[in-house]
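Please explain this structure to a student who is meeting it for the first time. The explanation should go step by step and give the reason for each conclusion where one is available.

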Amino acid sequence: MKEKDPIVTARFYRKACGVADLTAGKGSSYPFVIEQVVLLSEAEFSRYKETGLLTDKAFISESSSLQHFDPGDECWHCLLVKGEHSRDGLLVCSEGYNYARYAAYVGDCSRLILPEQPPDRRYLRPRQQER
């Protein structure tokens, strides 16, 4: 069986509310580099991807220096946010904000090129202030 090619481009949308906004539109795809993987509990990831993209999150603000768009290379430097056991995920770029100012949906994270450092697991437990 032939392996599928890695996903190296994605459609990023500005100020999307949730995954429905990320999958409904059409637009240009841009290359991206995943700088860090953030794992959430399955319940938290489900809430986040459905309606939480415009909500300030600690995992975004604490890694804001990793997230930006490089106009020279036309490349997004972003986080991959996903549930601990989920197949899908979100590419997030805050551009200096504490929420997902730009985001893209990825249906199959197994096809992504991931950074060498281990995923950030600090956010697996739901936080009281983010309910």
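Does Glu 44 count as buried or exposed? The model before the reader is a predicted one, and in it Glu 44 has a relative accessibility of 6%. Residues under 20% are called buried, and therefore Glu 44 counts as buried. Glu 44 belongs to helix α2. Its C-alpha atom lies 7.7 Å from that of Gly 83, although the two residues are 39 residues apart in sequence.

Glu 44 has buried companions in its helix. Helix α2 comprises residues 42-51, and within it Glu 44, Phe 45, Tyr 48 and Lys 49 are buried. These four residues are on the same side of α2, because they cover an arc of only 120 degrees around the helix axis. A general property of helices helps the student to picture this arrangement. An α-helix has 3.6 residues a turn, so residues three or four places apart point the same way. The buried residues of α2 are covered by several elements, including α1, β3 (30-40), α3 (58-61), β5 (75-83) and β6 (89-93).

Lys 49 of helix α2 deserves separate attention. Its relative accessibility is 15%, so Lys 49 counts as buried. Apart from neighbours within four places in sequence, Lys 49 is in contact with Gly 18, Val 19, Asp 88 and Leu 90.

Helix α1 offers another buried residue, Leu 22. Leu 22 is buried because its relative accessible area is 6%. With neighbours within four places in sequence set aside, the contacts of Leu 22 are Tyr 13, Ala 16, Leu 53, Leu 90, Ala 103, Ala 104 and Tyr 105. Leu 90 thus appears among the contacts of Leu 22 and among those of Lys 49. The C-alpha atom of Leu 22 is separated by 8.0 Å from that of Arg 11, a residue 11 residues away along the chain.

Leu 22 and Arg 11 also lead to the next topic, the largest pocket. Rolling a probe the size of a water molecule over the atoms shows where empty space is left. The largest pocket has a volume of about 170 Å³. Both Leu 22 and Arg 11 take part in its lining, together with Ile 7, Thr 9, Ala 10, Tyr 13, Thr 23, Gly 25, Tyr 105, Val 106 and Gly 107. At least two residues of this lining come from each of β1 (9-10), α1 (19-24) and β7 (102-106). Sorted by class, the lining consists of six nonpolar, four polar and one charged residues.

The loops between the elements can be examined in a similar manner. Arg 101 is situated in the loop between β6 and β7. With a relative accessibility of 12%, Arg 101 counts as buried. Beyond its neighbours within four places in sequence, Arg 101 is in contact with Tyr 13, Arg 14, Lys 15, Cys 93, Ser 94 and Glu 95. The C-alpha atoms of Arg 101 and Thr 55 are 9.8 Å apart, while the two residues are 46 residues apart along the chain.

Glu 95, one of the contacts of Arg 101, lies in the loop between β6 and β7. Glu 95 counts as partly exposed, because its relative accessibility is 35%. Its phi angle is near 50 degrees, a positive value in a residue other than glycine. Glu 74, in the loop between β4 (68-70) and β5, likewise has a phi near 50 degrees. At 46% relative accessibility, Glu 74 counts as partly exposed.

Ser 63 is found in the loop between α3 and β4. Its relative accessibility is 5%, and so Ser 63 counts as buried. When residues up to four places away in sequence are not counted, Ser 63 touches Gln 36 and Leu 79.

The cysteines remain to be considered. How many disulfides does the model contain? The count comes to zero, and the distances between sulfur atoms explain why no bond is assigned to Cys 93 or Cys 109. A disulfide requires two cysteine sulfur atoms within 2.5 Å. For Cys 93, the closest cysteine sulfur is that of Cys 78, at 6.8 Å, which is too far for a bond. For Cys 109, the closest is again in Cys 78, at 11 Å, also too far. Cys 93 counts as buried at 0% relative accessibility, and Cys 109 counts as buried at 7%.

Definitions and conventions:
Residues are numbered from 1 along each chain as its sequence is written. This is a predicted model: local features need pLDDT of at least 70, side-chain atom pairs count only at pLDDT 80 or more; totals for chains, interfaces and linings use all residues. Side-chain values use heavy atoms; hydrogens and water are left out. On a 1 Å grid over the protein atoms alone, a cavity is a set of points where a 1.4 Å probe fits but cannot get out, and a pocket is an open set with protein on both sides within 12 Å along at least five of seven lines; lining residues have an atom within 4 Å of a point. Grid points are joined across faces, edges and corners, and a volume is the space filled by probe spheres set on the points. Ala, Val, Leu, Ile, Met, Phe, Trp, Tyr, Cys and Pro count as nonpolar, Asp, Glu, Lys and Arg as charged, and the others, Gly among them, as polar. Buried means under 20% relative accessible area, exposed over 50%, partly exposed in between (1.4 Å probe, protein chains only). The arc is that of the directions from the helix axis to the C-beta atoms. Contact means heavy atoms within 4.5 Å.
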